[in-house]
Amino acid sequence: MTTNTIHTKARSSLSERLDLIISPIFAVVLGILGIAVWIYSDLDKITTAILSPEKIQRQLGETLILGLTSSLLVILISVPVGILVTRRGYPRLKSLLVNTLGLGQALPAYGLIVIFFSFMGSGLVTVILALAAFSLLPVLRNTIVGLEQVDKSVIDAARGMGLTARQILLKIELPLAVEVILAGIRTAVVINIGFSALAFLVGGGGLGETINSGLKLDRGPAILIGAVMVAIVALVFDFLSALAQKYLKPKGL
Amino acid sequence: MNNVLIRLENVSKSYGAGSEPAVRNLTLEVMRGEVLVLVGPSGCGKSTTLRLINRLIEPTSGRMFIDEEDIIGVNPSELRRKIGYVIQQVGLFPHRTIAENIATVPLLLGWKKDKIAARVDELLELVSMDPETYRDRYPKELSGGQAQRIGVARALAADPDVLLMDEPFGAIDPITRDRLQNEFLRLQQELKKTIVFVTHDIDEAIKMGNRIAILREGSEIAQLDTPEAILSHPADEFVESFLGSGAILKGLTLKKVSDIELHQVPTLSSPVMREDALKALQESVDQVALLLDSNGKPLRWIDERALNRTSQPIEKAGRPVTVDLQPEDTLQDALTVMLQSSVGMACVTDRKGKYIGCTTIESLAKLIMSDG
């Protein structure tokens with residue numbers, strides 16, 4: 001019993017540490033690659049114009065706004081809905097939601113952005129809504145799974161001791177589900193930042209513009225540096241989410 | 001003061017119109033301070049009955065009272081805070097420390113911090129777990145037996161009059177279970193709670209219950225009586241078959257070694273002369289004598305054959321006494337020890353291990369016959 005506990009503890013902490021290390025390592029490697037390209041390749045006037053600091057700064061800001069706002073929107077929708085459908089009396093609504101949202105994710109993000117564009121026109125808001133629609137599912141699914149994997153006997157004991165339904169949700173179920181829910185949010189944030197590179201398609205800006213200009217004007221270094229920057233932003237947020245997962249997870253689990 | 005603490009009147013629970021009710025028209029009274037065991041085959045509705053009492057399951061019809069108060073009218077959460085609840089899977093909160101787990105109900109009731117801390121330590125002591133060591137640990141660091149001790153402590157936290165226990169020792173290995181049962185009986189002698197205890201194990205029911213309700217399908221009471229009465233006079237075939245064979249043997253768990261008349265065998269104290277030993281053996285009706293050490297603790301069974309083997313000192317002759325009984329052990333333990341012993345007897349010692357007599361198969365048989 002004792003050895004067993006120690007063993008699993010050691011193993012989980014190893015995988016947890018890897019979880020925290022991997023994205024920074026990738027980010028650094030990509031960063032070095034980007035800087036190397038910047039230094040060693042022939043940057044002509046057009047490339048320098050594409051990569052001008054003011055442009056990059058604006059695009060970076062737009063990427064952050066796109067990724068974070070859509071993620072926030074997803075959390076505000078998916079977590080409450082996930083909680084609602086796991087309450088007793090909503091089993092059918094639950095399977096309906098999971099299935100339809102699964103369909104939403106089966107659509108390519110590109111298509112989704114275009115569909116939203118055809119209804120809403122161009123702009124940041126269109127992209128934010130399209131991204132949110134695309135990444136609703138991981139958060140919703142993880143909220144549902146996270147709440148449902150809470151040991152039923154723990155809930156039975158809590159009810160039996162006189163905790164109200166609300167107290168059970170806030171003090172028992174959510175703390176015990178928080179790690180799984182955060183994993184879903186982490187997926188959504190990375191998806192949203194990654195796919196924000198498509199925002200330029202409908203005039204939403206973002207680092208995708210740099211990649212697009214590089215493609216159109218046939219400037220390899222610009223394409224690569226643009227792509228590396230999107231990847232690094234996504235990795236940084238992956239790392240921040242991993243940190244949140246580690247520190248928001250209740251002790252004792 | 002009324003002696004009935006919990007009363008169920010014509011309580012039924014059915015799930016939907018088509019299905020058989022899980023509990024059909026049950027009337028049951030639980031006396032203040034007793035352990036009432038609900039026992040029956042799986043699916044008989046015993047757990048449902050238990051969960052009706054703290055309204056984890058709402059009855060379809062009927063009335064329920066605790067201490068003359070109708071409990072169907074009150075707020076269920078408030079009702080449950082006044083009733084201890086222990087389940088087989090324990091259900092400790094994994095993200096809370098042992099102390100926080102035990103403090104659950106006192107916190108809900110708004111006790112002061114220092115009162116809660118004192119109560120937590122008191123309860124840990126009560127269930128034989130060192131507060132210093134365990135207070136700040138998490139449930140995953142506990143063994144199954146320890147977890148259930150905490151489960152019991154948590155249920156007792158706000159000192160409820162009533163305790164509901166749903167197969168509390170069902171998932172624990174047999175050796176630990178036996179120990180927990182004994183500790184629980186000791187606790188109950190002090191605490192005198194009113195306990196409704198569900199189990200499917202008739203042996204556990206006989207051991208734990210002041211009274212036993214044997215239930216058949218629909219939570220219908222087949223027989224409700226003391227363990228002794230049920231064992232000696234089963235009401236019908238169902239009860240008889242549920243008791244299984246060996247009702248007399250099961251009855252032995254209800255009696256203690258102290259109920260039996262002890263037999264005295266000749267004793268020898270080390271150091272001992274061979275001639276004295278032989279003389280003692282020849283003067284006694286028994287074929288065997290007991291060698292004691294200087295503190296009166298039984299060491300070896302010595303018979304004539306062992307004495308005749310001259311090559312060995314007497315202190316090494318004969319067979320060692322491996323297990324001895326104490327007066328508060330059950331007669332079932334005594335029987336086991338006697339059957340394993342080479343001489344068909346078992347030594348009884350006091351707390352300090354000093355010899356006080358022997359149990360024999362004949363004395364046990366005599367006791368069983370006199371009961372019959």
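**Reading an interface and two helix pairs**

Modeller: In this predicted model, 23 residues of chain B and 19 residues of chain A form the contact between the two chains.

Colleague: Which elements of chain B supply at least two residues each to the side that touches chain A?

Modeller: An interface may be read element by element. Here helix H2 (76–81), strand E6 (83–87) and helix H4 (104–108) of chain B each supply at least two residues. H2(B) gives the most, with four residues.

Colleague: How many residues of each class does that side of chain B have?

Modeller: The side of chain B that touches chain A has nine nonpolar, eight polar and six charged residues.

Colleague: What confidence does the predictor give the complex and chain B?

Modeller: One may consult scores for the complex and for the chain. The complex has an ipTM of 0.80 and a pTM of 0.78. Chain B averages a pLDDT of 88, and 98% of its residues score at least 70.

Colleague: What is the secondary structure of chain B, and what box do its C-alpha atoms fill?

Modeller: Chain B comprises 16 helices and 16 strands. Along the principal axes, its C-alpha atoms fill a box of roughly 80 × 55 × 40 Å. Of its 372 residues, 38% count as buried. Among contacts in chain B with a separation of 6 or more, 62% are between residues 24 or more positions apart.

Colleague: Turning to chain A, at what angle do H5(A) and H6(A) cross?

Modeller: A helix pair may be read from its axes, then from its residues. Helix H5 (residues 109–120) and helix H6 (residues 124–148) of chain A cross at roughly 135°, and their axes come within 9 Å. The two helices are therefore oblique to each other, and their crossing is right-handed. The contact is made by residues including A:Leu112, A:Phe116 and A:Met120 of H5(A) and A:Val125, A:Leu129 and A:Phe134 of H6(A). By class, the residues of this contact are twelve nonpolar, one polar and no charged.

Colleague: How do H3(A) and H8(A) pack, and which residues meet?

Modeller: Helix H3 (residues 53–86) and helix H8 (residues 165–195) of chain A pack at an angle of about 145°, with their axes 10 Å apart. H3(A) passes H8(A) in a right-handed crossing. Among the residues that meet are A:Gly67, A:Ser70, A:Ser71 and A:Val74 in H3(A), and A:Ile181, A:Ile185, A:Ala188 and A:Asn192 in H8(A). The contact of H3(A) with H8(A) has ten nonpolar, five polar and no charged residues.

Note on methods:
Residues are numbered from 1 along each chain as its sequence is written. Chains are lettered from A and ligands numbered from 1 in the order in which they are written. This is a predicted model: local features need pLDDT of at least 70, side-chain atom pairs count only at pLDDT 80 or more; totals for chains, interfaces and linings use all residues. Axes are lines fitted to C-alpha atoms, for helices over the stretch in contact, and angles run from 0 to 180 degrees between N-to-C directions. A crossing is left-handed if the near helix is turned anticlockwise from the far one by less than a right angle, and right-handed if clockwise. Two residues are in contact if their C-beta atoms, placed from the backbone, lie within 7 Å. Ala, Val, Leu, Ile, Met, Phe, Trp, Tyr, Cys and Pro count as nonpolar, Asp, Glu, Lys and Arg as charged, and the others, Gly among them, as polar. Angles under 35 degrees count as roughly parallel, over 145 as roughly antiparallel, 65 to 115 as roughly perpendicular and the rest as oblique. pLDDT is the predictor's confidence in each residue, from 0 to 100. A residue is buried if 20 or more other C-beta atoms lie within 10 Å of its own, exposed if 12 or fewer, and partly exposed in between; C-beta atoms are placed from the backbone.
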